[in-house]
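Student: Please take a close look at one part of this model for me. I would like to follow how the protein meets one strand of the DNA.

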Protein chains: 2
Amino acid sequence: MANISDIARMAGVSVSTVSRVLNNHKYVSEEKRAAVQKIMNEMNYTPNKNAVDLIRGETKMIGVIIPYNNNQAFDQMLHGVLNKSVERDYSITVLPTKYNKAKEIEYLAMLKNKLLDGIIITSRSNNWEKIIPYTNYGSVVSCEYTDHPDIGCSYIDRYASYLDVFQYIKSKGHVNVAFTTARGIESISTQQTIGAYKEIFGEINSGYHISHCYSMDDGYDAGQKLLSLRERPTAIYANGDEVAGGIYQYARSIDYEIPKDVAIIGQENQPIGIGLGLSSIDHQLIKVGEQAFDLAVNKSKQKMKIPYHIIHRLSI
Amino acid sequence: MANISDIARMAGVSVSTVSRVLNNHKYVSEEKRAAVQKIMNEMNYTPNKNAVDLIRGETKMIGVIIPYNNNQAFDQMLHGVLNKSVERDYSITVLPTKYNKAKEIEYLAMLKNKLLDGIIITSRSNNWEKIIPYTNYGSVVSCEYTDHPDIGCSYIDRYASYLDVFQYIKSKGHVNVAFTTARGIESISTQQTIGAYKEIFGEINSGYHISHCYSMDDGYDAGQKLLSLRERPTAIYANGDEVAGGIYQYARSIDYEIPKDVAIIGQENQPIGIGLGLSSIDHQLIKVGEQAFDLAVNKSKQKMKIPYHIIHRLSI
DNA sequence: CTGAAAGCGCTAACAG
DNA sequence: CTGTTAGCGCTTTCAG
């Protein structure tokens, strides 16, 4: 495979001249430019981007840290990032952590290794203290709010959103309200959900919070548990429309009417929610991803709040 | 940021020695190794992977070409790839083409540029002739069958699957059968659908094939068109469960019973299909992705067929 | 066991 | 407008 000096030799010019035509510099005579161009075509030459990156110290590559690669919410953010990356001619590499701290740090090190220009963290497992040092090597933007000045944020005000939903559920006359979350209390999002719940409804009835719900199947199981409780909830807030869909399935399987016997509201406005007519709260995760990409590329440390919307359908 | 020679100087050894401890070579005295290790820790040093890649000519990075970044089918394959990549310690970069030929070639050039060790093509827009030359620079594996010896394949026998489904629909007594596809006849998949259809049912009634269906909304529109036909189809085969879901929605909106008034069958066994009780044909796209990853990493040019399954629910 | 030196392929002053 | 030259940060012979 030919390299720049082969081309230079064959075109009868110096490597700098070849480099100049490669980078569209002015001050190259038309003849030489043409000659070089011709040889490059003949040899089917392409510059070794690795060498270019090495010297430039920049890769036009952004990494996206996602905990799971099979979660609708993270997928949506990833899609947002991807949307923008195409426009701006960046490449995106996906970095799945499964919430493994060491893995996460390993990915962050790619910044230091000069493999990535920036990293977008959709969800993290390390403390910010562990992460901050890496901001010296490239931009790191978070899809969760943090007031740290070195971190750009494209986030949704989850707490406000949870508060809103619970308020909405309450306004519909519900008192016995249950909810599901993805992770346990180690997760900030779960903590916020619990906080908001308590603010609106007070203490959480035993059995009203079911964690580790990711899929429809998990939702189904959660539905079963919840609807078997002696003091059965009249409304359930699910952490995603698929989970909500599973709950719906179970409820229907025991001939409950929605929302008469049990009200259900999900999150992220996904197809299954549309199909089943489930109310949902749309956090506009695609926009979150798009904005995150912009922040990363512009090395901006701004805090951008993305608005959420409650989608009213008939399940509550 | 410290580099290898800084470390060497500070540890009082040569760069080669540092390089040796970096790469776990034997024949380094314990004292020197310890000294180097110590300085590396103090300086918080990590090697510049770009420089390493440059000299090694290998990146441990695989690219995945997908046409759209918001299509469930391609997402599933991507997830399969991601699953395996974590295990094998590879990074995955996502390359969205929107079926733009030039973009696709640009991505293939990354192989030549030494940015990628291999590329997985989930769907292509260029002819194989345009693609083959790039197999000289890294492994390229396809998620569509091709007999070209230089291309590894992890594929589903789409034609057989379409034949099977249409046969199944026919066995249920349907004669007026419509279907939807994503792309128009420029797409191989569409061509195969049409071919299989004709083999089972003969000519296609005018209006029975609706293309450019990607989302639920598209499905809804397709349902509307199809069910307004004078000779209305009694069964519809949708190219995905979300599209099927849209059709279902429309059918229900005009009070049709499924499958009594119209039978519906989708593809890929997605949540919405489960939620709506739609029969589906599961092409096991995640497995396709996993297998594709293995082929790419092993630089294998094998042809691996992944089996599909019909999921029987009550919509047909 | 260790170090010097020659690159990997390319860019960017610098001096014409 | 063009060529020379010195690196970018690392690996790998080749001699000790």
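Tutor: Start at B:Lys32. An N or O atom in its side chain is 3.3 Å from a phosphate oxygen of DNA strand C. Keep in mind that this is a predicted model. B:Thr17 also reaches the backbone of the strand: a polar side-chain atom lies 2.8 Å from a phosphate oxygen of DNA strand C. B:Ser16 meets a base instead. A polar side-chain atom of B:Ser16 lies 2.9 Å from a base nitrogen of DNA strand C.

Now widen the view. In total, 25 residues surround DNA strand C. B:Thr17 is among the closest, along with A:Ile4, A:Tyr45, B:Arg20 and B:Ser29. Of the strand C atoms that come within 4 Å of the protein, 61% belong to sugar and phosphate.

Which elements supply this surface? H2 and H4 of chain A, and H2 and H4 of chain B, each give at least two residues to the surface near DNA strand C. H4(A) provides the largest share, with five residues. Sorted by class, the surface near DNA strand C holds 12 nonpolar, nine polar and four charged residues.

Turn briefly to the partner strand. DNA strand D has 25 residues around it, and A:Arg20 is one of the nearest. Sugar and phosphate make up 58% of the strand D atoms within 4 Å of the protein. A:Arg20 places a polar side-chain atom 2.5 Å from a base oxygen of DNA strand D. B:Asn23 points to a phosphate: a polar side-chain atom lies 3.3 Å from a phosphate oxygen of DNA strand D. B:Asn48 uses its backbone, with a polar atom 2.9 Å from a phosphate oxygen of DNA strand D.

Technical notes
Residues numbered from 1 in each chain as written. Chains lettered and ligands numbered in written order. Predicted model: local features only at pLDDT ≥ 70, side-chain atom pairs only at ≥ 80, totals over all residues. Heavy atoms only, no water. Near = heavy atom within 4 Å. Polar contact = N/O pair within 3.5 Å; in protein donor to acceptor, adjacent residues only side chain to side chain. Helix = DSSP H or I, 4+ residues; strand = E, 2+ residues; numbered from the N terminus. Nonpolar A, V, L, I, M, F, W, Y, C, P; charged D, E, K, R; others polar.
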